[in-house]
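Q: Could you take a close look at one part of this model for me, starting from the annotated site and working inwards to the packing? I'd like a connected walk-through.

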Amino acid sequence: MTTKHNFGAGPCILPPSVMEQAAKAVINWGDSGLSILEISHRSAEFESVILKTQLLVRELLNVPENYSVLFLQGGASTQFSMIPLNFLVGKQKAAYLDTGYFAQKAIKEATLFGEVTIVASSGDKGYAYVPDNYNLEKDVAYLHLTSNNTIEGTEIFDFPNSSVPVVCDMSSDIFSRKINVRDFDFIYAGAQKNMGPAGMTLVIAKNSFLETVGHPVPAMSDYRIFRDNQSMYNTPPVFSIYVSMLNLIWLKSVGGVEGIEAVNKKKAELLYREIDRSPIFTGTANVAHRSRMNVTFRTNDQLTEPEFLKFATDRGIVGIKGYRTVGGFRVSLYNALPLSSVEFLVQVMYEFAELKKDVNSLKIIKPA
Ligand SMILES: *Cc1c(COP(=O)(O)O)cnc(C)c1O
């Protein structure tokens, strides 16, 4: 079997050591004679897992004391409605920055609960950039941002100095770079892009923001209930939390967020350099807003896209086909993807470009 290089956009690649430990725990968790899949979430052993995961999140992201760290279910998509249900109902309106597919999904859900102002949109240029010049009305309940646009391949590098609470979907770049949690009142992320396997959603919320909810909310949508029950109001996603813990231990062992950020920068630079150098590929995102997690590009002649896809797939490259509504290619460079995989991909892109060069020069000699 060819070695696989997994550039998939999510669920993401996890470090081999994490997979091995997770696999062992499925059979016999720490010599307990039980599988991690069958232990009680109320057992002392699991309570220490959930506590440790929480502490790792706090440590790795430098989460201040006055923020709560919660583990929920339903993916980031459930947050699209849960956030306005909590923080928009009973308020004037909420502001959203429209930077692409997932931002739009968040906007659509929010309109079910109240008035939504779209402060700016990059839809005019196919979401190839992130608007950074916009006016924010003072009476909005919050401003919603998407820090990394997974499908379009753009990322926010300067967060606004906002006077209103900032809510941010960090699903696809959390733990990939340093952030200042204090810049936000509410952060959420589906686990499966950089934190662990699917099934868990991370929420980091400022306690005072949670207290602004002034109306009754169903228990399973009430952040305060999760906070007051240490994320165990009901059965939490035990396995997903456990594997996330293993992955965060791994992250800490490779230098934490700061350490991985340096590697992530290297990986992205290497790939963008080849895209910019290559006569046959073109990046689709504005250079200033290029994502370090999801790199989007096309071939200049779109007819060669299936050909490159096959060329790469034959060499063990997995998950680079662009999102179904966007086309082209999307290469995801999540934390666990080694630099060597990017070096390999760049080599394959180079070889393909050389091949095309020869074919093109042949065309010139060939009679029409
Ligand atoms: C993947 C993704 C989502 C959706 O996450 P689910 O956990 O599948 O609901 C939302 N926002 C962003 C930025 C994403 O990358």
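A: Let's start with Arg42, since the unreviewed UniProt entry puts a "binding site" feature there. Bear in mind that the model is a predicted one. Arg42 sits in the loop that runs between α1 (16-27) and α2 (44-61). Its relative accessibility is 46%, so Arg42 counts as partly exposed. That value falls between the 20% and 50% cut-offs for buried and exposed. As for company, the side chain of Arg42 makes a polar contact of 3.4 Å with the side chain of His41. Once you set aside neighbours within four places in sequence, Arg42 is in contact with Glu47, Met232 and Tyr233.

Now for the packing. The largest nonpolar core has 89 residues, and the ones touching the most other members are Val57, Leu61, Phe175, Ile204, Leu271 and Phe308. Helix α7 (residues 238-253) supplies the largest share of this core, with nine residues. Both domain 1 (16-253) and domain 2 (256-356) give residues to this core, so the core lies between them.

Phe175 is a good one to click on. Ignoring residues up to four places away in sequence, Phe175 touches Val57, Leu60 and Leu61, then Met195 and Leu202, then Leu248 and Leu251, and finally Val257, Ile260 and Asn335. There's also a second, separate core, this one of 28 residues, with Met82, Phe87, Ala106 and Ala141 among them.

Back on helix α7, have a look at Asn247, which lies in that helix. Asn247 has a relative accessibility of 5%, so it counts as buried. Leaving out residues up to four places away in sequence, what Asn247 touches is Leu14, Pro15 and Val18, along with Asn194, Met195 and Gly196. Met195 turns up on the contact list of Phe175 too.

One last stop is strand β14 (residues 329-332). Phe329 and Val331 point one way from the strand, while Arg330 and Ser332 point the other way, and all of them are buried. Strand β14 runs antiparallel to strand β12 (residues 294-299), and four bridges join the two. If you want a spot to line them up, Thr296 stands opposite Arg330 of β14.

So, if you're flipping between views, Arg42 is the partly exposed residue to begin with, Phe175 is one of the residues that touch the most other members of the largest core, and Asn247 is a buried residue to pick out on helix α7.

Key
Residues are numbered from 1 along each chain as its sequence is written. This is a predicted model: local features need pLDDT of at least 70, side-chain atom pairs count only at pLDDT 80 or more; totals for chains, interfaces and linings use all residues. Side-chain values use heavy atoms; hydrogens and water are left out. Buried means under 20% relative accessible area, exposed over 50%, partly exposed in between (1.4 Å probe, protein chains only). Two strands pair if DSSP finds at least two bridges between them. UniProt positions are given in the numbering used here, feature names are shortened, and annotations may be inferred rather than shown by experiment. Contact means heavy atoms within 4.5 Å. A polar contact is a pair of N or O atoms within 3.5 Å; within protein, one must be able to donate a hydrogen and the other to accept it, and residues adjacent in sequence count only if both atoms are side-chain atoms. A nonpolar core is a set of buried Ala, Val, Leu, Ile, Met, Phe, Trp, Tyr and Cys residues joined through side-chain atoms within 4.5 Å. Domain bounds come from an automatic or database domain assignment.
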